[in-house]
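Student: I would like to take a close look at a single part of this structure, and I would be glad of one connected explanation rather than a list. Could you walk me through the second of its enclosed spaces and the parts that surround that space?

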Amino acid sequence: MPSDMRSSEARAIAPSLYDAFGEDPALCASLNPVFDLLCERYFRVQVLFPERVPAGPCLIVSNHAGALPLDGLLARAILRRHCGHPEARWLVEDELAHAPFVGTLLARLGAVRACPENALRLLATRAVVTFPEGVHGRRRTYSKRRTLAQFGRGGFVKLALRAKVPIVPLAIVGVEDSSPRLGTLPLSRLGLPELPLTPPIPLPALWKCSFLPPRLPSVAKGEGAQEQVLALAASIRDELQGELERLGQEAER
């Protein structure tokens with residue numbers, strides 16, 4: 001048998017190292033002890049009300065925190081360690097998903113490009129973390145670290161309605177103290193996303209994460225459906241904003 005045919009058959013028989021979204025399960029399993037150590041000893045993560053997260057599929061709606069993409073990794077580690085969701089995934093905006101090297105690394109660690117099709121596939125079997133602020137939250141300067149950006153057109157509410165899953169708001173503070181955004185280095189002329197100016201190694205600040213009571217969205221069909229979606233999205237945003245302010249005040253005492 002020709003060598004090229006043998007190699008083709010071998011590739012067909014050998015199982016893929018990655019799942020349908022590019023995650024490397026073996027890599028994640030090997031790094032879990034490292035993430036656990038960082039959470040316990042370096043960042044001293046405090047998790048409030050993890051019992052509020054339902055056992056089945058749900059949509060975790062969180063604020064973006066910090067200049068570096070650490071909040072998704074943090075949320076996934078918390079859901080695995082404290083909430084009984086070992087296979088939770090988080091959604092990232094296109095700017096990160098398509099970034100050279102960073103996008104591939106995040107995918108191998110469990111991140112998934114944010115789009116309704118991907119989210120619905122994931123929500124059929126597991127918890128999913130989304131950041132409705134998108135790139136606007138990532139670009140927030142340190143002085144505005146606890147002021148939420150707008151939540152767009154309520155896409156996460158529509159997603160929860162289609163998937164028939166509850167929404168669980170999650171407030172995160174402290175990550176922005178570990179990786180404060182001090183400025184921006186534009187790289188658009190090189191065809192690359194902008195580069196945040198922040199310490200190259202995250203600082204050992206105290207991280208706090210607080211889950212708010214779950215909300216099962218319900219919207220009546222008809223002419224006013226979009227207004228109901230926007231009202232629910234605004235209500236959840238207000239809840240998160242209030243919890244961020246409360247956690248921030250506690251951290252400053």
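Tutor: Let us begin with the space itself, the second largest cavity, which has a volume of about 40 Å³, bearing in mind throughout that this is a predicted model. Its lining is made up of His64, Pro69, Asp71, Gly72, Trp90, Leu91, Val92, Glu93, Leu96, Leu106, Phe131 and Arg138. The elements that give two or more residues to this lining are α3 and β3, and the largest share, 3 residues, comes from β3. Sorted by class, the lining of the second largest cavity has 7 nonpolar, 2 polar and 3 charged residues.

Since β3 gives the largest share of that lining, the strand deserves a slower look. β3 spans residues 89–92, and both of its faces are covered, with Arg89 and Leu91 buried on one side and Trp90 and Val92 buried on the other. Two neighbouring strands can be traced from here by their pairing. With strand β4 (residues 111–113), β3 pairs in the parallel sense over 3 bridges, and within this pairing Trp90, a residue that also lines the second largest cavity, stands opposite Ala111 in β4. With strand β5 (residues 128–130), β3 also runs parallel, joined by 2 bridges, and here Arg89 stands opposite Val128.

The other contributing element is α3, a helix of residues 71–82 in which Asp71 lies. Asp71 is one of the residues that line the second largest cavity, and the residue counts as buried because its relative accessibility is 1%, where the cut-off for buried is under 20%. The side chain of Asp71 reaches the backbone nitrogen of Ala65 at 2.9 Å. Leaving aside residues up to four places away in sequence, Asp71 touches Asn63, His64, Ala65, Phe131, Arg138 and Ile172. Among these contacts, His64, Phe131 and Arg138 appear again in the lining of the second largest cavity.

Ala65 leads from here to another enclosed space, for the structure holds 2 cavities of 30 Å³ or more. The largest cavity, with about 100 Å³ of space, is lined by 15 residues, and Ala65, Gly66, Arg140, Arg145 and Glu176 lie nearest its centre. By class, the lining of the largest cavity has 4 nonpolar, 6 polar and 5 charged residues. Ala65 is therefore a useful landmark when you turn the model, as the contact list of Asp71 includes Ala65, while the largest cavity has Ala65 among the residues nearest its centre.Finally, β3 also takes part in an open space, the second largest pocket, which holds about 470 Å³. Of the 22 residues that line this pocket, Ala114, Thr130, Pro132, Gly155 and Phe156 are the closest to its centre. The elements that give two or more residues to the lining of the pocket are β3, α6 (116–123) and α8 (155–163), with α8 giving the most, 5 residues.

Key. Residues are numbered from 1 along each chain as its sequence is written. This is a predicted model: local features need pLDDT of at least 70, side-chain atom pairs count only at pLDDT 80 or more; totals for chains, interfaces and linings use all residues. Side-chain values use heavy atoms; hydrogens and water are left out. Helices (H or I, at least four residues) and strands (E, at least two) are DSSP runs, numbered from the N terminus. Buried means under 20% relative accessible area, exposed over 50%, partly exposed in between (1.4 Å probe, protein chains only). A polar contact is a pair of N or O atoms within 3.5 Å; within protein, one must be able to donate a hydrogen and the other to accept it, and residues adjacent in sequence count only if both atoms are side-chain atoms. Contact means heavy atoms within 4.5 Å. On a 1 Å grid over the protein atoms alone, a cavity is a set of points where a 1.4 Å probe fits but cannot get out, and a pocket is an open set with protein on both sides within 12 Å along at least five of seven lines; lining residues have an atom within 4 Å of a point. Grid points are joined across faces, edges and corners, and a volume is the space filled by probe spheres set on the points. Ala, Val, Leu, Ile, Met, Phe, Trp, Tyr, Cys and Pro count as nonpolar, Asp, Glu, Lys and Arg as charged, and the others, Gly among them, as polar. Two strands pair if DSSP finds at least two bridges between them.
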